[in-house]
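Q: Please take one part of this model and go through it closely. Start with the overall build, then zoom in, and keep it brisk.

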Amino acid sequence: MLPVINIGPFALPLPALLIILGLWLAMLTLDKEAGRRDLSANTLNNLLVIGLIVGIAGARLGYVLRHLEVYRDALLDILALNAHALSLGDGLLFGLLAALIYAQHKELPLWPTLDALAPGLGLFFVFVGLSHLASGDAYGAPISLPWSLEIWGTERHPSQVYEIMAALLVFWVIHRTKSAPMFQGFLILAFAALSAASRVFLEAFRGDSEIVLGGLRSMQLGGLFVLLLSFIGMHLLAQNNPGTKLNR
Amino acid sequence: MQRMISLIRDRKSWMAITAVVISLGIAWTAASRILDAEMSSEKIASPQVGFLAPDFHLDTIDAGTVTLSALRGRIVVVNLWASWCPPCRAEMPTFQAVYEDFGEQGLVVLAVNMTYQDSAAEALSFAAKLGLTFPIALDRNGEIAESYRMRALPTTFFIDERGIIRRVLVGGPLNEATIRSIVKDLIEDSS
């Protein structure tokens, strides 16, 4: 665990740096994939950047709206450059909406665009795992095993390491499959199914799960839902969907 | 790959595969339910969101003492600071303002001075100059820096009425709206 790197007078948050590095590498991967699928790399990069910027602005806006009473007396604080006052759910909603509007405006084909995003997303999730390892977040359940890690004062499942390994495996499968002559939409749905399956499996080793009805873990239930949707989606798309044309 | 496509297209085969995978997922989800309340992070003391805030007993600059666990039932903001740290100094008036506004609703601001790398006299002089009225505790031997795994100054922990850490903000200076919004959420959640 290394949440902060101290360089001289600066304290750099390593988890955030890893997320930024992951985003950058995902965008590089996207450039290559766009070229192979006759999509404009610039347009896809703009799609991500617009989604990201609107997402961040939306996350702040959502936070401010939820705390309007506080911000009414401190209007300038709305623009403060700090990552503490963000509402992630709202950010995701705003970011996706902006990306959708931009994609429609640019007449981007839905499934080939999503397929082009899949390998980059796979790589990004590896860095999310590394970021969790650096911050100590997404920690494992207490257990004493030869491979346990001591995190937050207790021996625990190294859930972050499991997460990185699973993400690497998903990325490897997507990377190996991306050149195969499959129907449009296969790659993104395979990515969703594999990621959901790994979440269902690995959540069992987490020590910070949100618990719902009868001790069930909410992320596992969400993972099962995504898994089911992905399987149904693959079947429906496979019926009448043309194959993807790839440039080697 | 053609075999795979045929498999996905074939309704019966794909339904069977889906049913097997989802059934396995449901079985695994049911088997990994959490039934043991002692597994909860809220029972373990650690300086991390969702964990019990590590307890401490420290001297204060006004010759008193303070024990964190004795403040159970109130919202506590623990701010680790030093008088030589510019962002720490910059955010102190903000904590004072928030303390004045929310003190009656049960908020306690507890500024823990890193005295082992500062000095009690400097802390006292700084507090007097700014007219700080909340308790300022002295970490003379670095025990809090160690138990709260302090990596950068300032670091602020927002602790709910059950003693559970709800937010950890590393760095500063924090703006007033951020502190107020978090404190208000905690007060609302506790009532």
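A: Helices here are DSSP runs of H or I with at least four residues, strands are runs of E with at least two, and both are numbered from the N terminus. The model is predicted. The part to look at is chain B, with helix 3 as the close-up.

On that count, chain B has six helices and seven strands. Read from the N terminus, their order is α-α-β-β-β-α-β-α-β-α-β-β-α. Chain B is therefore opened by two helices and closed by a helix, given the runs as defined.

Confidence comes next. The mean pLDDT of chain B is 92. Of its residues, 97% reach 70 or more. For the model, ipTM is 0.85 and pTM is 0.81. One general caution applies: predicted coordinates should not be read in detail where pLDDT is low.

Now the overall form of chain B. Its radius of gyration is 24 Å, whereas a compact globule of 191 residues would have one near 16 Å. The C-alpha trace spans about 80 × 35 × 35 Å along its principal axes. The domain assignment gives two parts: domain 1 covers 2-33 and domain 2 covers 39-190. Their C-alpha centres are 51 Å apart.

How does the inside of chain B look? Of its 191 residues, 37% count as buried. Take the contacts between residues at least 6 apart in sequence: 71% of them join residues at least 24 apart.

Now zoom in on helix 3 of chain B. It runs over residues 86-102, which is 17 residues. From first C-alpha to last it reaches 25 Å. The expected value at 1.5 Å a residue is 24 Å, and the helix is close to that. There is a bend, though. Helix 3 of chain B turns by about 30 degrees at B:M92. A proline, B:P93, follows within four residues.

Which residues of helix 3 of chain B are buried? They are B:C88, B:E91, B:M92, B:F95, B:V98, B:Y99 and B:F102. B:M92 thus appears twice in this picture: it is the site of the bend, and it is on the buried list. The cover over these residues includes strand 3 (75-81) and strand 4 (107-113) of chain B. It also includes helix 4 (120-130) and helix 6 (176-190) of chain B.

Helix 6 of chain B leads on to the partner chain. The contact takes 35 residues from chain B and 44 residues from chain A. On the chain B side, the elements that give two or more residues are helix 1 (2-9), helix 2 (11-31), strand 7 (165-170) and helix 6. Helix 2 of chain B gives the most, with eight residues. Helix 6 of chain B thus plays two parts here: it helps to cover the buried residues of helix 3, and it gives residues to the side that touches chain A.

Two backbone details in chain B deserve a look. As a general rule, most peptide bonds are trans and most residues other than glycine have a negative phi. The bond from B:L153 to B:P154 is cis, with omega near -10 degrees. B:P154 sits in the loop between helix 5 (143-147) and strand 6 (155-159) of chain B. The bond from B:G172 to B:P173 is also cis, with omega near 0 degrees. B:P173 lies in the loop between strand 7 and helix 6 of chain B. Both of those flanking elements are on the list of contributors to the contact with chain A.

For context, a brief look at chain A. It has eight helices and six strands. Its radius of gyration is 20 Å, close to the 18 Å that the globule rule gives for 248 residues, so chain A is as compact as a globular protein of that length. Its C-alpha trace spans about 55 × 50 × 45 Å along the principal axes. Buried residues make up 43% of its 248 residues.

Chain A has its own backbone details. A:D38 is not a glycine, yet its phi is positive, at about 55 degrees. This residue is in the loop between helix 1 (14-36) and helix 2 (41-66) of chain A. A:D38 counts as partly exposed because it has 13 C-beta neighbours inside 10 Å. A:A138 also has a positive phi, near 55 degrees. It sits in the loop between helix 5 (110-135) and strand 3 (149-151) of chain A. A:A138 has 20 C-beta neighbours inside 10 Å, so it counts as buried.

Methods:
Residues are numbered from 1 along each chain as its sequence is written. Chains are lettered from A and ligands numbered from 1 in the order in which they are written. This is a predicted model: local features need pLDDT of at least 70, side-chain atom pairs count only at pLDDT 80 or more; totals for chains, interfaces and linings use all residues. The radius of gyration is taken over C-alpha atoms; the globule rule is 2.2 Å times the number of residues to the power 0.38. A residue is buried if 20 or more other C-beta atoms lie within 10 Å of its own, exposed if 12 or fewer, and partly exposed in between; C-beta atoms are placed from the backbone. Two residues are in contact if their C-beta atoms, placed from the backbone, lie within 7 Å. The expected span of a helix is 1.5 Å times one less than its number of residues. The bend at a residue is the angle between axes fitted to the seven residues ending there and the seven starting there. pLDDT is the predictor's confidence in each residue, from 0 to 100. Domain bounds come from an automatic or database domain assignment.
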